[in-house]
Amino acid sequence: QVLLVESGGGLVQAGGSLRLSCAASGPFSFYAMGWFRQAPGKEREFVAGISWNGANTNYADSVQGRFTISRDNAKITVYLEMKSLKPDDTAVYYCAAARNLQTINRPNHWGQGTQVTVSS
């Protein structure tokens, strides 16, 4: 069992930056990790994923070049660095753990989410 707790959300102006953190407990280093988001009235969507050792990452087209996912297995934490934020990035952001990066869209574990609001 992997428990995930997100933090770092908040209110930021367009063009600003935020860093989300996801602290884990359990066999963290065996899992690929991902970030997802859900805006009001929309379905949850994939944002970024990272392999168990950090060697491979992938991103949604909408955040490519603006967001960076990373992980520190020693600190059992995964991060999402978000820059050049836009109002369309407003959503609840969720951390998730999956067996591997190929199955990141079918996570085994979810965090509770953290709100990110980008004002125009």
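Which residue takes a positive phi in the hairpin of S4 and S5? It's Gly41, with a phi near 75 degrees, and the hairpin has 6 residues between its strands. Strands here are DSSP runs (E, at least two residues), numbered from the N terminus, and two of them pair if DSSP finds at least two bridges between them.

Keep in mind that this is a predicted model, where local features need pLDDT of at least 70, side-chain atom pairs count only at pLDDT 80 or more, and totals for chains, interfaces and linings use all residues. Residues are numbered from 1 along each chain as its sequence is written, and side-chain values use heavy atoms, with hydrogens and water left out.

**Strand S4 and its partners**
- S4 covers residues 32-38, and 6 of its 7 residues are buried (under 20% relative accessible area, with a 1.4 Å probe and protein chains only).
- S4 runs antiparallel to S9 (residues 91-98), joined by 7 bridges, and Arg37 sits opposite Tyr93 of S9.
- S4 also pairs with S5 (residues 45-50), again antiparallel, over 5 bridges; there, Trp35 has Ala48 as its bridge partner.

**The four-strand sheet**
- An open sheet of 4 strands follows the order S1-S3-S8-S7, with antiparallel pairing.
- Its edges are S1 (3-7) and S7 (67-72), each pairing on one side only.
- From one strand to the next, the twist averages 15 degrees (axes are lines fitted to C-alpha atoms, and angles run from 0 to 180 degrees between N-to-C directions).
- S3 (residues 18-25) and S8 (residues 77-82) share 6 bridges in the antiparallel sense, and Ala23 has Thr77 in S8 as its bridge partner.

Terms used:
Buried < 20%, exposed > 50% of the residue type's maximum accessible area, 1.4 Å probe, protein only.
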